[in-house]
Amino acid sequence: MEEPTYYDLVYEVVRQIPRGRVTTYGAIADFLALGSARMVGWALNKSFSGYGVPAHRVVNRLGELSGRIHFPTPTMMQQLLEQEGIEVVDNKVLDFKRLFWHPAQNLDE
DNA sequence: CTCTTGACGACCT
DNA sequence: AAGGTCGCCAAGA
């Protein structure tokens, strides 16, 4: 039995992102009050390896699908988002500001 | 133990 | 405005 690593914390937060919403690396790092945005992305890289973590709902602060490159195919991330009703154009989330979800909102729902 | 890596972000030029 | 650089800090080799 091992202690939860930083990844595990990130996984749990990402899993709580509501369908049709997105969040940012920085928001997660801020919510954890630990590490930095880079660590979130780094952790996520491991996450979608089979943890069932919706990593496609995590984008960078500009709403860009910065992580799409790490998916099996660069278009997969966008398609997953579109399946949830999120419009993506030029690898950016439309109405990103409106769709943005902060982990702290989980407490409210 | 030390060095390098890394799906970012803010600052600097 | 656009591009480059530095900082964040945990984990693997």
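**Figure 1. Lys92 and its contacts in the predicted model.** Beyond its neighbours within four places in sequence, Lys92 is in contact with Gly63, Glu64, Leu65 and Glu87. The model shown here and in the other views is predicted. Lys92 belongs to strand β4, which covers residues 92–93. With a relative accessible area of 31%, Lys92 is partly exposed. That class applies because the value falls between the 20% limit for buried and the 50% limit for exposed. Gln78 is 14 residues from Lys92 along the chain. The C-alpha atoms of Lys92 and Gln78 are 8.8 Å apart.

**Figure 2. The protein surface near DNA strand B.** The strand is surrounded by 16 residues. The closest of them are Gly41, Leu44, Arg61, Gly67 and His70. On the DNA side, sugar and phosphate make up 51% of the strand B atoms that come within 4 Å of the protein. Helix α2 (25–32) and helix α3 each supply at least two residues of this surface. The largest share comes from α3, with six residues. By class, seven residues near DNA strand B are nonpolar, seven are polar and two are charged.

**Figure 3. Polar contacts to DNA strand B.** Three protein residues are picked out here. Leu44 places a backbone N or O atom 3.1 Å from a base nitrogen of DNA strand B. A polar backbone atom of Asn45 lies 3.0 Å from a base nitrogen of the strand. Arg61 approaches a phosphate oxygen instead: a polar backbone atom of Arg61 is 2.9 Å from a phosphate oxygen of DNA strand B. Leu44 and Arg61 are also listed among the residues closest to the strand.

**Figure 4. The protein surface near DNA strand C.** Thr5, Tyr6, Tyr7, Leu34, Gly35, Ser36, Arg38, Met39 and Trp42 surround this strand. Sugar and phosphate account for 60% of the atoms of DNA strand C that come within 4 Å of the protein. The surface has five nonpolar, three polar and one charged residues. Helix α3 gives the largest share, three residues.

**Figure 5. Polar contacts to DNA strand C.** Tyr6 meets the backbone of the DNA: a polar backbone atom of Tyr6 is 3.4 Å from a phosphate oxygen of DNA strand C. Ser36 points to a base, with a polar side-chain atom 3.1 Å from a base oxygen of the strand. An N or O atom in the side chain of Arg38 lies 2.4 Å from a base oxygen of DNA strand C. The elements that give two or more residues to the surface near this strand are α1 (6–15) and α3 (37–47).

**Figure 6. The largest pocket.** Its volume is about 230 Å³. The lining has 13 residues, and those closest to the pocket centre are Tyr25, Gly41, Leu44, Gly67 and His70. Helix α3 gives the most to this lining, with four residues. Eight lining residues are nonpolar, five are polar and none is charged. Several names recur from the DNA strand B view. Gly41, Leu44, Gly67 and His70 are among the residues closest to DNA strand B, and they are also among those closest to the pocket centre.

How values were computed
Residues numbered from 1 in each chain as written. Chains lettered and ligands numbered in written order. Predicted model: local features only at pLDDT ≥ 70, side-chain atom pairs only at ≥ 80, totals over all residues. Heavy atoms only, no water. Near = heavy atom within 4 Å. Polar contact = N/O pair within 3.5 Å; in protein donor to acceptor, adjacent residues only side chain to side chain. Nonpolar A, V, L, I, M, F, W, Y, C, P; charged D, E, K, R; others polar. Buried < 20%, exposed > 50% of the residue type's maximum accessible area, 1.4 Å probe, protein only. Contact = heavy atoms within 4.5 Å. 1 Å grid on protein atoms, 1.4 Å probe; cavity = no way out; pocket = protein on both sides within 12 Å on 5 of 7 lines; lining within 4 Å. Points joined across faces, edges and corners; volume = space filled by probe spheres on them.
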